[in-house]
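I opened my notebook to record what I looked up, one topic at a time.

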Amino acid sequence: MRHMHTGSHTGSVFRRLGRLEWPILVSMLVLAGAVWGFAELADAVVEGDTHAFDRMVLLALHSETDLADPLGPEWLEEMMRDFTALGGVGVLTLLTAAAAGYLLLTGKSRAALALVLSIGGGILLSSLVKTGFDRPRPDLVSHGSYVYTASFPSGHSMMAAVVYLTLGALIARVRPSRRVKAYVLSIAVLVTVLVGISRVYLGVHWPTDVLGGWATGAAWALLCWLGMLWFQRRGKIESEEQPSRI
């Protein structure tokens, strides 16, 4: 009897999983992988196992004769500053406010609130994690950008992942074309990656800071997206397909 009950329970689990959309299943797997990856990376950082790798990458991006000079022409360094600004508080706040304003104007006030809470929660999580680890900034090279917080994980990388991936997922969900969905999500990922690379290039973060930021930010963005989808299907948040009121 116990064996039959166990088999029935297992079958029920698989039936429930089968009813889920494949993007949700993939998101859940990626979320679990991101959390596991961050935990493993954080442990390695605390133990000092990543120091050699961090040092090698950071030094490889700067001139051997002048560590204050990143590799490449001056226009590349200026471009990296532009990229790093895409993960700054000012730009991300403006994007969030613009997206929330659009949702409000189209009659989706609860969706706007959910978006603001998701990104606000990401900012809080970033601050808490940084305080918990309190890793010093790199001191091997000159900083090409002003910094004032702890190093691990990278706040710019994490918040870029939170904002751009969340907005990308919301936009992709209302587009019927798979090519458009792939394009929107690819742009969101590309911007997130460029922000992280720029932080290492400018010498303000260790490479593992950026990896940690990406993992944490992606996990939070996926968690918020799944939560918003769950509430949406229960009528707590307006559907993206709902016609606008104006």
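Entry one, a helix. I looked up helix 4 and found that it covers residues 74–85, twelve residues in total, and that it reaches 17 Å from its first C-alpha to its last, close to the 16 Å expected at 1.5 Å a residue. The expected span is 1.5 Å times one less than the number of residues, and a helix here is a DSSP run of H or I with at least four residues, numbered from the N terminus. I noted that this is a predicted model, in which local features need pLDDT of at least 70 and side-chain atom pairs count only at pLDDT 80 or more, while totals for chains, interfaces and linings use all residues. Residues are numbered from 1 along each chain as its sequence is written, and side-chain values use heavy atoms, with hydrogens and water left out.

Entry two, the sides of this helix. I found E77, M80, F83 and T84 of helix 4 to be buried, where buried means under 20% relative accessible area, exposed over 50%, and partly exposed in between, with a 1.4 Å probe and protein chains only. Seen down the axis of helix 4, the buried residues fall within an arc of 115 degrees, so they line one face of the helix; the arc is taken from the directions from the helix axis to the C-beta atoms. The face turned away from this buried side carries the exposed residues E74 and W75.

Entry three, T84. I read that T84 has 7% relative accessibility and therefore counts as buried. Its side chain makes a polar contact with the side chain of R199 at 2.9 Å, a polar contact being a pair of N or O atoms within 3.5 Å, of which, within protein, one must be able to donate a hydrogen and the other to accept it, and residues adjacent in sequence count only if both atoms are side-chain atoms. Leaving aside residues up to four places away in sequence, T84 touches H156, V195, S198, R199 and L202, where contact means heavy atoms within 4.5 Å.

Entry four, T50. I located T50 in the loop between helix 2 (22–47) and helix 3 (51–60), and T50 is buried, with a relative accessible area of 9%. Not counting residues up to four places away in sequence, T50 touches L41, A44, V45, R135 and T208.

Entry five, V163. With residues up to four places away in sequence again not counted, I found that V163 touches L92, T96 and I119.

Note on methods:
Helices (H or I, at least four residues) and strands (E, at least two) are DSSP runs, numbered from the N terminus.
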